[in-house]
Each structure stands twice: as structure tokens, then as C-alpha cells.
Amino acid sequence: MLSTTLIWFRRNLRLSDNAVLQAALARGLPVAGMWRAESPSECGNPRQARFLYESAAELHGALAAYGIPLYTVQGRAEDELPRLAVTLNAAAVLADEAYTPSEILADNRLWHTLDERGIPFIRLNDRAVFAKADLMNEHGRPYQDFLPYRQAWLQAYQQQYAEYRPSESRTLPFQTALAERPPFPERRELHEPQPLAVHRGGVAAAEKQWANFAAEADFYPLLKDFPARKATAHISAYLTAGCLSARALAHNAWQQRHTAWLDTLIRRDFYLQRAFHAEGNGMPSESGQADAEFLRRWQAGQTGFPLVDAAMRCLVQSGWLHPALRSAVAGFWCGTLQQPWQAGAAWFAAQLTDYEPAANHGNWQEAATMPVMHPVVSAQKLDPDGTFVRRYLPELAHLPQDFIHTPWLAGSNADTHGYPPPLVSV
């Protein structure tokens, strides 16, 4: 039987600047792909599941155009992938490098199973600009603080990648060796109507979103901290799924001198490498018990603090939240309400289309250690005229600017249409 190279498309759902795909093609054997779909019973984030499904469906068609089949499996990858590798007589299995605890454990089990069958399991960096061990401090240890990591990142990029030219060509050799073209499975539960604000998965949508941002990127440093303005890239979901290459985006930002936005990619690399190297992967499972009433009202956007509530309603409605608002609501939960960060991180994990464990946990851990900012002061800074609050809290839209962030001070003559008083005194 003809030997093949099997690619596990995990979080690199694209053809362009795909290090795993290029390495597989370089082996000179017919290439096949595999994508693992979450079963309905294990899906903790339906919004992200739909996004990944759409992205994988587009990848299925893009690969088929070059005669490359993409097989979809359910169940544990460490069980399903070896079976497929044996069926396809795979001489090697290639995948993007793992960073999260569950992925690393699964990879170790998968490596052991494949090794028993004499099949190499090769992993390459396709998520970050710099891989997990590329940047170390003077003692050979991973950086624990962002600012020195950022300095090391920029210095290393100048030395290694300043002249880098990521491959934007999708020209792949057409292959005819594998005649089977498995259809992409239908998932009826993922075709239910969704809010218009939900991101559409796939490379085409990703490139359109990036092009829209790139045209206005010069204004990013001035407007990035105002959630009411559409000044951020909105591509985090596409990076998480691998519809866009972090290397290619870093190259573009470096060439255009968009250093403020480049920091978002640097921080992403930082959280990935810190999660990989930290003891327990920096993601402890134990936490204190969250107050049930606090959690219910915070999740529902009913805390009585308008910007916090507008942000939480935006999160639930759209699956996305402006970075400054993520910090604000996390700081409110951990600092003002004095609640365990793990409960907040779990809610974000269930809601965000761009959910990435390393970044989510990293951001929440930082929120738990940051000085407490008064929620009204934070609101006045981020949404000075109340535009964002009015967008998501229609019951307060009629309030003047002086009271939009403090409706409890508007007096009894102001109708707040049932909006609750503050959950706590500040």
C-alpha cells in the first residue's frame, strides 16, 4: 500500500504560511489531513465550536481543490488518529505544537501509541511567532514578566525575522494518489440561527477582517482604549483557530511600524510560552468558592455598574469583548467583588469565540493581582460619553452623560426601567 503523510490540523486551519503543511509536502509523499470535531456532549462552548466547524469546512474545500482529503473524526485524538494513520499507511503524523495541559497530555499519549506502531509524531510551531523555548532569560529560564519578555521578543525579531517573507502563495502541488474524498459532515445543531455579531469562521472572513483593520491601523494607538470605537483588529478568533498566521501578521505589523498593535501578538506569545513552562502549566484547577448571587448578576449584566453590565451583555450576545473591557470586568470581579478568578475565567471560556486557554488564564491571573480601580473611574475613562453603555443597556439610554455611569445618583425622578442598584458599595 502506498505510504502517506498525515497532518493533524488542530489550530492551523489554513493553507498560507502553514509550517506543518509545508513540512508534510516536503516529505514527498501523498498528503492527507485530519480534523477532530468536538462531539455535542463535550462541547462547552457552542459558539467557538460553530466557528471552528465553519473554518474546518472551508479548509476541507480548499484542500480538496488540490486533491488532498481531509478526514473528520470525533472522539479522542489519541484514539482516532492512530487508527486513521494505520488505515492510510502513514509514514509520519505531523501537527502544530501544543501548549495547553490537556493537549500536552493527549500528545504524550498519542506519541506513545504511534511510537508502538513505528510512526513518528512530528510537531512544529504554527501558533506563535516564537516557539515555546525560543526566548529564555540569561539563566536559561522562561520569562515570567511581560516587559522583559517583550524586550527580548523585539530584539530577537530584529535579528531573525526582520527580513522574513512569509509565503502568501496558496499554490500547492495537485495530487491524485489518494482517490478518496471524504465529505465534510453535517452538524445540524451548528446550523441554528445565531446573532449577527458572531464571527464567521474561515480564512476568507479572516482576511477580510484583517484587511479592514489594516486600512485603519494608523489610528489604533489613539483609539484602542475606547470600546465604543471600532478600532481593534477583531481577529483573535481567527488567530486562535489558525485561520491567520501569527508570523505573517507580525511581519506586516513590523513592516508598517504598527508597534502598538504588534504588542498584542507579543503578549499572545508570552502567554503561550508561560503556560507551557509554568509548573502545572500555570492553570491551577482549585479555587475559592464564588458567591452564587454575585456570579449570577455578573454573568447576566445586572451588577448595577453600567459599563460592567454593558460589557457582560456584549460578551454573551457576540462572543467577543474589547480587550480593555475584558480587563475592566475581570478587575471588577476579582478586585471590587473579591471573587476567585477561576470562576470568571470559566465563564469567559464558555462564551468567547476566541477562547484560548493560555491567554484566558494569563489575563485572569493578572486581573487577580492588579490594583483595584474604582469601577466608575474605569467607566469614565473607557466610555467617557456613555456610547458603549447606551448600546447594550437600552434601559439607561435616555440618561444624560453626567449619570450614565452612576444611575443611582440620578434621583427618584429618573426612570431606569428596572435597572438594579449597585451590587456592592464602592
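**Group meeting: a walk through the predicted model**

Asn89 lies in the loop between H3 and S4, and I would like to start there, keeping in mind that what we are looking at is a predicted model. The phi angle of Asn89 is near 55°, which is a positive value in a residue other than glycine. How buried or exposed is Asn89? With a relative accessibility of 27%, Asn89 counts as partly exposed, because that class lies between the limits of 20% and 50%.

Let me now move to the two elements on either side of that loop, beginning with the sheet. Strand S4, residues 90–96, belongs to an open sheet of 5 strands, whose order is S3-S2-S1-S4-S5 and whose pairing is parallel. At the edges of this sheet we find strand S3, residues 70–73, and strand S5, residues 121–124, each of which pairs on one side only. On average, and ignoring direction, neighbouring strands here are turned by 25° against each other. As a general reminder, the strands of a sheet pair through backbone hydrogen bonds, and they do so either parallel or antiparallel.

Within the sheet, strand S1 (residues 4–8) and strand S2 (residues 31–36) run parallel and are joined by 4 bridges. If you would like a residue to look for, Trp8 has Met34 in S2 as its bridge partner.

The helix before the Asn89 loop is H3, residues 77–87, which lies across S1, S2, S3 and S4 and runs at about 160° to S1. Helix H1, residues 19–26, lies across S1, S2, S4 and S5, and its direction makes an angle of about 165° with S4.

Next, please look at the loop between helix H4, residues 101–116, and S5, where Gly118 has its place. Gly118 is exposed, because its relative accessible area of 60% is over the limit of 50%. How far is the C-alpha atom of Gly118 from that of Gln365? The separation is 41 Å, for two residues that are 247 residues apart along the chain.

Further along the chain there is a pair of helices, H13 (residues 323–336) and H16 (residues 375–382), whose axes come within 11 Å and cross at roughly 175°. The two helices are therefore roughly antiparallel to each other, since angles over 145 degrees count as such. Which residues meet where these helices come together? From H13 they are Ala324, Leu325, Ala328, Phe332 and Thr336, and from H16 they are Pro375, Ser378 and Leu382.

In the loop that runs between H13 and helix H14, residues 341–351, we find Gln338. Its phi, like that of Asn89, is near 55°, and Gln338 is exposed, with a relative accessible area of 58%.

Let me finish with the chain as a whole, whose secondary structure comes to 17 helices and 5 strands. The radius of gyration is 23 Å, which agrees with the value near 22 Å that a compact globule of 426 residues would have. Taken along the principal axes, the C-alpha atoms fill a box of roughly 80 × 50 × 45 Å. Of the 426 residues, 55% are buried, while the chain exposes about 19700 Å², with carbon and sulfur atoms supplying 52% of that area. Finally, among the contacts with a separation of 6 or more, 80% come from residues that are 24 or more positions apart.

Definitions and conventions:
Residues numbered from 1 in each chain as written. Predicted model: local features only at pLDDT ≥ 70, side-chain atom pairs only at ≥ 80, totals over all residues. Heavy atoms only, no water. Pairing = 2+ DSSP bridges. Axes fitted to C-alpha atoms, helices over the stretch in contact; angles between N-to-C directions. Contact = heavy atoms within 4.5 Å. Rg over C-alpha atoms; globule rule 2.2 N^0.38 Å. Buried < 20%, exposed > 50% of the residue type's maximum accessible area, 1.4 Å probe, protein only. Areas by Shrake-Rupley, 256 points an atom, 1.4 Å probe, with all protein chains shown as cover. Parallel < 35°, antiparallel > 145°, perpendicular 65-115°, else oblique.
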